[in-house]
Amino acid sequence: MSSGGPLSLLRWPKRRVALEGECPLLAATFAYWDNILGPRVHHIWAPKCDHLVFLSDGEVTFLANHTLNGEILRSAECGAASSIVSLIFDGELKGDKNTCALSVILPQTELAFYLPLHNICVERLKHVIRKGRIWMQKGYNIISVLSLEIIPIMELLASMKTHSVPEDIDVNKDTVLNDDDIGDSCHEDFLHKAISSHLQTCGCSIVVGSNPEKINKIVRTLCLFLTPTERRCSRLCRAEASFRYDTGLFVQGLLKDSTGSFVLPFPPGQMPPCHEVHFSEGFSRDCKLQCVPGGTCCSLEH
């Protein structure tokens, strides 16, 4: 790996993905086995963010060759770039049937950070590959399809690097379970119903509101009922602007926009079955709880 200026990645088509903060990814690649020339790199997605580290031509070629040959783990060395996620599938390129590989590349120093999120990333990549194979059969450009999931996964990993819920949570300081916060942050009965629904939906919840501090206290409170590994697959709210909703996280805090609205991640025209409980205290507080398929949505309105 090389730091500083970019090396000769210009041999292959690439897309620079602008990300905020530090990104744990080195790159994502799409490679295929050419029946005449052997392993070929078809496209690279490279992050454009703080602390950039670039892969050299030799490293990209090495990863493509060994991934398609099923030998990626044979020469792993401490600190070396590793293809952590590599999904192999059949597809059609330029009229020929080829063996293809979609890989997400991280340094081994980020392995401990990445592993709790591995299943989330793999399931999302498998979904977009199924869609991409259909496009390949029809002669369409698979890169545009893969980008629909590769870029959000890069954004997810970058956001988790800075806003993931820690394994250790201070009950008195970081949650609403002390006496003062139960009366101040939310209605006590609302909290009971939120925790009950959170447990009924196997620990999957969305917390939506306008106050980042209170959103994060509810997020940490619900995360007390998760394992340490599941907490690392949960995300706090960002104060400046909301993250996008990400499939697969256990608990995530989302911020409403400047108009006080937030669109839940459901297809247009499909209203999920929900259970709502409203609490109003004077003109200052209205708390709403929605139980949605696959999870709980806690909406804090002020």
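**Close-up views of a predicted model**

**Figure 1. Helix 8 is mostly covered in this predicted model, with ten of its twelve residues buried.** The model is predicted, not experimental. The buried set in helix 8 comprises Lys214, Ile215, Asn216, Lys217, Ile218, Val219, Arg220, Thr221, Leu222 and Cys223. Helix 8 covers residues 212-223 and reaches 16 Å from its first C-alpha to its last, close to the 16 Å expected at 1.5 Å a residue. At the N-terminal end of helix 8, asparagine 211 acts as a cap. In this cap, a side-chain oxygen of asparagine 211 lies 3.0 Å from the backbone nitrogen of glutamate 213.

**Figure 2. Leucine 226 occupies the loop between helix 8 and helix 9 (228-231).** With a relative accessible area of 7%, leucine 226 falls under the 20% limit and is therefore buried. When residues up to four places away in sequence are not counted, leucine 226 touches His198, Gly203, Arg231, Ser234, Phe250 and Val251. Glutamate 167 is 59 residues from leucine 226 along the chain, and the C-alpha atoms of the two are separated by 9.5 Å.

**Figure 3. Helix 3 (residues 118-137) contains cysteine 121.** Helix 3 has 20 residues, and the distance from its first C-alpha to its last is 28 Å, close to the 28 Å expected at 1.5 Å a residue. Its buried residues are Ile120, Cys121, Val122, Arg124, Leu125, Val128, Ile129, Gly132 and Met136. An α-helix has 3.6 residues a turn, so residues three or four places apart point the same way. Glycine 139 follows helix 3 and has a positive phi, near 85°.

**Figure 4. Cysteine 121 is a buried residue of helix 3.** Cysteine 121 counts as buried because its relative accessibility is 3%, under the 20% limit. Leaving out residues up to four places away in sequence, cysteine 121 touches Tyr114, Ile153 and Leu157. Isoleucine 150 lies 29 residues from cysteine 121 in sequence, and the two are 9.3 Å apart in space, C-alpha to C-alpha.

**Figure 5. Arginine 124 is also found in helix 3.** The relative accessible area of arginine 124 is 11%, so this residue is buried. Beyond its neighbours within four places in sequence, arginine 124 is in contact with Glu149, Pro152, Ile153, Leu156, Asp246 and Thr247. Ile153 is thus a contact of arginine 124 and is also touched by cysteine 121.

**Figure 6. The second largest cavity holds about 50 Å³ of space.** A search of the whole structure finds two cavities of 30 Å³ or more. The lining of the second largest cavity is formed by Thr29, Ala31, Val41, Val60, Leu63, Ala64, Thr67, Ala101 and Ser103. At least two lining residues come from each of strand 3 (27-34), helix 1 (57-68) and strand 7 (96-107). Helix 1 supplies the largest share of this lining, four residues. By class, the lining has six nonpolar, three polar and no charged residues.

**Figure 7. The whole protein contains nine helices and twelve strands.** Of its 302 residues, 49% count as buried. Among contacts in the protein with a separation of 6 or more, 66% are between residues 24 or more positions apart.

Terms used
Residues are numbered from 1 along each chain as its sequence is written. This is a predicted model: local features need pLDDT of at least 70, side-chain atom pairs count only at pLDDT 80 or more; totals for chains, interfaces and linings use all residues. Side-chain values use heavy atoms; hydrogens and water are left out. The expected span of a helix is 1.5 Å times one less than its number of residues. Buried means under 20% relative accessible area, exposed over 50%, partly exposed in between (1.4 Å probe, protein chains only). A polar contact is a pair of N or O atoms within 3.5 Å; within protein, one must be able to donate a hydrogen and the other to accept it, and residues adjacent in sequence count only if both atoms are side-chain atoms. On a 1 Å grid over the protein atoms alone, a cavity is a set of points where a 1.4 Å probe fits but cannot get out, and a pocket is an open set with protein on both sides within 12 Å along at least five of seven lines; lining residues have an atom within 4 Å of a point. Grid points are joined across faces, edges and corners, and a volume is the space filled by probe spheres set on the points. Ala, Val, Leu, Ile, Met, Phe, Trp, Tyr, Cys and Pro count as nonpolar, Asp, Glu, Lys and Arg as charged, and the others, Gly among them, as polar. Contact means heavy atoms within 4.5 Å.
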